[in-house]
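Dear colleague,

Please find the structure below, handed over for your own use. Some notes on what was found in it follow.

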Amino acid sequence: MPMELTQSRIQKIWLPNDNRPALPRRSCGPQLANSPTVIVMVGLPARGKTYISKKLTRYLNWIGVPTKVFNVGEYRREAVKHYSSYDFFRPDNEEAMKVRRQCAMAALRDVKLYLTEEAGQIAVFDATNTTRERRGMILNFAKENGFKVFFIESVCNDPNVVATNVMEVKLSSPDYRDCNSTDAMEDFMKRINCYQASYQPLDPDDYDRELSLIKVIDVGRRFLVNRVQDHIQSRIVYYLMNIHVQPRTIYLCRHGESEFNLKGRIGGDSGLSNRGKKFAVALNKFVEEQNLKDLKVWTSQLKRTIQTAEALQLPYEQWKALNEIDAGVCEEMTYEEIREQHPEEFALRDQDKYYYRYPSGESYQDLVQRLEPVIMELERQENVLVICHQAVMRCLLAYFLDKSADEMPYLKCPLHTVLKLTPVAYGCRVESISLNIEAVNTHRDRPEEAKKGPNPLMRRNSVTPLASPEPTKKPRINSFEEHVAVSSALPGCVPQEVPTQMPGQNMNNSQKPS
């Protein structure tokens, strides 16, 4: 007999009507029927492995696949408090090699914990992994635990690109905090040479032909892909083939104030108010002052964003994907009307705003999936201005700032304000620019009864062991300080303790949207 079904009140999806306990909600995105996956980074130092790790993790978490980075370098800094010189990385330094192997094993233990007990689906093992022996150890670990493995090797032989990466990222690492740049650069280049001597690149034509992998060559100039085995691996490949590292600026703003904004009505397709038209003129002046070359302008297909773009006197492209969230039966209503006519729906949305789906409409979860092609194209482009809507802007901003599904629906994106996003090494710098045209405030704060900590399964887990937001940190590894033969200190350097922040976290909070 066909089973009776009941529609869930928040997500509006059909569930069996029986007394079985509900399954835990593992993620907000595509459910992976396959085994958890370990992504293994491969490559010499200063080849962009950590950049790829963090960026890929941010994307996977945004689409709803719980992902976390395990950076072995951070484990090494936790174990060895005082970095002295490149001698630590020499292949003939047996004590240091023992420490490095133990750090890798400690990271793999945490990988196992994350994938088996913390509902993680993907773990990114961020290390050089330049030898077949080390990669074989990881493959054996994955086989023992039933994990899939996907390798990402970053290959770059352009000395200018490597030198730029060292200057922009590596010299600011805790290893060189109090070094002058000349001595630090010399030491790091010698560190690279220590790895170069034993580097065994992935060989998809022979030795590694059975492995699933992608080689990213010369910062995305060329790619080599081998044995992609499942849906998530194909999405990873597609994402990596779309990102670039060229300097650029992304501007996000909402349309000018609309007639429905003035009336407190949500959705609909109303035109601009008088103040909204003034904003469009001010936006045109702002864009001219930025003096950007080849600026692309994108809008939704709704009247208020198109009217805003028309004032710019620039070509613009309309995206249906950028339309505001569909409020279904609540379209064109005020919140007071929704509370009166649909009291249960009003309460349910406050209970879980990310997952809540309007009857015959959309949820923030649906909106993220709709916006994925926009994110892909934003990653491909250079300077872009996106004129969109409040919920849409929140979703885009959550991607660039690595915000959780719990935070996303409450990000403040005021009218008549432009957010200037500048990608930097391991994150994104944000500047909020008000164009000084008054507008109504359409932001609704999280209700007091709904103010609770984020679901740990939904947390954006791009963290390292020392940057963990967990209130209680268990010891990851023992200190190996006493086992390391301390080399003579590098001239111009003072040994430092490992920092409490990871690269990319030193973002000025005052620049985030208010």
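Cysteines

Cys194 is buried, at a relative accessible area of 10%. Cys388 is in no disulfide, and the nearest cysteine sulfur, that of Cys253, lies 7.0 Å away. With a relative accessible area of 0%, Cys388 is also buried. Zero disulfides turn up in a search of the whole structure.

Overall picture and confidence

Please bear in mind that this is a predicted model. The protein chain has 14 helices and 14 strands. It runs to 514 residues, 56% of which count as buried. Of the contacts between residues at least 6 apart in sequence, 73% join residues at least 24 apart. The accessible surface is about 23900 Å², and carbon and sulfur atoms account for 48% of that.

The mean pLDDT is 86, with 84% of residues at 70 or more. Residues 23-28 have pLDDT below 50, and this stretch has 22 contacts in the model beyond near neighbours in sequence. Residues 453-514 also stay under 50, and there the model has 142 contacts beyond four places in sequence. Where pLDDT is low, the predicted coordinates should not be read in detail.

Salt bridges

The whole structure contains 24 salt bridges. One of them joins the side chains of Asp230 and Lys148, at 2.9 Å from N to O. Asp230 sits in the loop between strand S8 (222-226) and helix H7 (231-240), while Lys148 is in strand S6 (residues 148-155), so far along the chain that 82 residues separate the two. Both Asp230 and Lys148 are buried.

Helix H7 also holds Arg235, whose partner Glu372 is in helix H13 (residues 364-380), 137 residues apart. The closest N and O atoms of Glu372 and Arg235 are 2.5 Å apart, and both residues are buried.

A further salt bridge, between Arg275 and Glu257, measures 2.8 Å from N to O. Arg275 belongs to helix H9 (residues 274-290) and Glu257 to the loop between strand S9 (250-254) and helix H8 (259-263), so the pair ties together parts 18 residues apart in sequence. Here Arg275 is partly exposed, at 28% relative accessibility, whereas Glu257 is buried, at 1%.

Finally, Glu74, Arg76, Arg77, Asp175 and Arg191 are linked in a salt-bridge network.

Surface patch

Met3, Leu5 and Trp14 form a nonpolar patch on the surface, together offering about 360 Å² of accessible area. Leu5 lies in strand S1 (residues 5-7) and is partly exposed, with a relative accessible area of 45%.

Regards

Key. Residues numbered from 1 in each chain as written. Predicted model: local features only at pLDDT ≥ 70, side-chain atom pairs only at ≥ 80, totals over all residues. Heavy atoms only, no water. Helix = DSSP H or I, 4+ residues; strand = E, 2+ residues; numbered from the N terminus. Buried < 20%, exposed > 50% of the residue type's maximum accessible area, 1.4 Å probe, protein only. Contact = heavy atoms within 4.5 Å. Areas by Shrake-Rupley, 256 points an atom, 1.4 Å probe, with all protein chains shown as cover. Disulfide = S-S within 2.5 Å. pLDDT = per-residue confidence, 0-100. Patch = residues over 30% accessible without salt bridge, like charges linked within 9 Å, V, L, I, M, F, W, Y side chains within 5 Å. Salt bridge = Lys/Arg side-chain N within 4 Å of Asp/Glu carboxyl O.
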